[in-house]
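Reader: I am new to this structure and would like to learn how to read it. Please take me through the features one at a time.

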Amino acid sequence: MKRNRAATQSASIAARPGSDPQTQISVIEKCRMGDESAWETFFSVYGPVAYRLARRAGLSDFDAQDVVANVMRKMLNAFRGGFEVDYQRGRFRHYLKRIVRNEIAEHFRAKKLAPVDPQESAPVEAPDDSAAWREVEQSEFIRACFDRLRQSPNVRPRDLLVFERYAMDQEPVEKVAREAGISTSRVYAIKHEIIGELRRMQADLDANLE
Amino acid sequence: MVFRRCPSPEKLQAIAAARDAAAIAQHLAKCERCRSAFEAYCANEETLGALRTVSNDADGLTERQRALLLQRCRELVDSNSAAPDAATREE
């Protein structure tokens, strides 16, 4: 598995709504106010979302990175220009999704204007696929929440290691239990507890990014 | 496989992980407690599947690329060179 556990620990996630009165303000509203940690949350989720959708549409790594930079630049300008946050469900995502789609389409349009390489395959149109957006977005939510969970003082390092070995890397439960000095039942319970917490965090983040 | 008694949580988890609801369908039809637990385990497996996918170089996005993307985004915020952009206006 290609995961680099240390590298992912740099991503930060805003505190869960409800755990602190100050966090009742949505991440989007905080971004508008220039809150750095909110931007970190926004980038850590939507940077990869834009990148992955661009790649799925057929753009190169280089072009996909360009899409991310342009999307983020436009979002920054939108917020600085007074993007109005209303809390109509899904409005912000609709707006962001349109910017991402337009950026991807713009890269394809630019390619068409460039000298044509007959060996190059025809460009793929940027897809209007809400299901793909939702799938990528949700998986990035989970990932962002897992990064946050890794940094949480409430989760024992041993439990995290057990979870990563058994649930993520799919090592045999008996082996993980033996080497951690716990029962197999406890390994199952750890898996259930950690995923349950991840799902709660995911739901909170989902609501907080509306 | 016929479960006359409620299976252990471990067994339920293993069946959920194997996505083999048929193995326990008869019991679940009669046992609300197991059905509820089994549904929770299945939902967990979906979450876990998504986490595995996204942790494993999803769409060609490596950890290094991810870190670079984040860094690039941070630099955008730090720089004050961003100019108003007409493309972001609502159409």
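Author: What follows goes through the contact between the chains, then salt bridges, cysteines, burial and backbone angles.

Author: This is a predicted model, in which local features need pLDDT of at least 70 and side-chain atom pairs count only at pLDDT 80 or more, while totals for chains, interfaces and linings use all residues. Residues are numbered from 1 along each chain as its sequence is written, chains are lettered from A and ligands numbered from 1 in the order in which they are written, and side-chain values use heavy atoms, with hydrogens and water left out.

Reader: How many residues does each chain bring to the contact?

Author: Contact means heavy atoms within 4.5 Å. Here chain A brings 53 residues and chain B brings 41 residues. Buried area is the accessible area (1.4 Å probe) that two parts lose on being put together, summed over both. For chain A and chain B that comes to about 4300 Å², with 58% of it on carbon and sulfur atoms. Of the area that chain A buries against chain B, 13% comes from A:R143, A:Y188 and A:H192, more than from any other three residues.

Reader: How many salt bridges and polar contacts are there between chain A and chain B?

Author: Side chains of opposite charge can pair when their charged atoms come close. A salt bridge is counted when a side-chain nitrogen of Lys or Arg is within 4 Å of a carboxyl oxygen of Asp or Glu. There are 7 salt bridges between chain A and chain B. In one of these, the side chains of B:E63 and A:R143 meet at 2.6 Å, N to O. A polar contact is a pair of N or O atoms within 3.5 Å; within protein, one must be able to donate a hydrogen and the other to accept it, and residues adjacent in sequence count only if both atoms are side-chain atoms. Between chain A and chain B, 16 residue pairs are in polar contact, both residues being at pLDDT 80 or more.

Reader: Which helix of chain A gives the most to the side that touches chain B?

Author: Helices are DSSP runs (H or I, at least four residues), numbered from the N terminus. Helix 4 of chain A gives the most, with 12 residues. The residues on that side of chain A divide into 23 nonpolar, 13 polar and 17 charged. In this scheme Ala, Val, Leu, Ile, Met, Phe, Trp, Tyr, Cys and Pro count as nonpolar, Asp, Glu, Lys and Arg as charged, and the others, Gly among them, as polar.

Reader: Where do the salt bridge partners A:R52 and A:E140 lie, and are they buried or exposed?

Author: Buried means under 20% relative accessible area, exposed over 50%, and partly exposed in between (1.4 Å probe, protein chains only). The closest N and O atoms of A:R52 and A:E140 are 2.9 Å apart. A:R52 is in helix 3 of chain A and A:E140 in helix 6, 88 residues apart, and both are buried. The two also belong to a network of salt bridges that links A:R52, A:R56, A:E135, A:E140, B:D59 and B:R66. Another salt bridge joins A:R93 and A:D206 at 2.5 Å, N to O. A:R93 lies in helix 5 of chain A and A:D206 in helix 9, 113 residues apart; A:R93 and A:D206 are buried.

Reader: How many disulfides does the whole structure hold?

Author: A disulfide is a pair of cysteine sulfur atoms within 2.5 Å. A search over all chains finds 0 disulfides. The cysteine sulfur closest to that of A:C31 is in B:C73, 11 Å away, which is too far for a bond. B:C34 is in no disulfide either, and its nearest cysteine sulfur, that of B:C31, is 3.6 Å away.

Reader: Is A:A69 buried or exposed?

Author: A:A69, in helix 4 of chain A, counts as buried because its relative accessibility is 5%. Leaving aside neighbours within four places in sequence, A:A69 is in contact with B:R72 and B:L76.

Reader: Which residue just after helix 7 of chain A has a positive phi?

Author: A:Q170 does, with a phi of about 60°, although A:Q170 is not a glycine. A:Q170 lies in the loop between helix 7 and helix 8 (173–180) of chain A and counts as exposed at 54% relative accessibility. Helix 7 itself is mostly covered, with 9 of its 12 residues buried.

Methods. Helix = DSSP H or I, 4+ residues; strand = E, 2+ residues; numbered from the N terminus.
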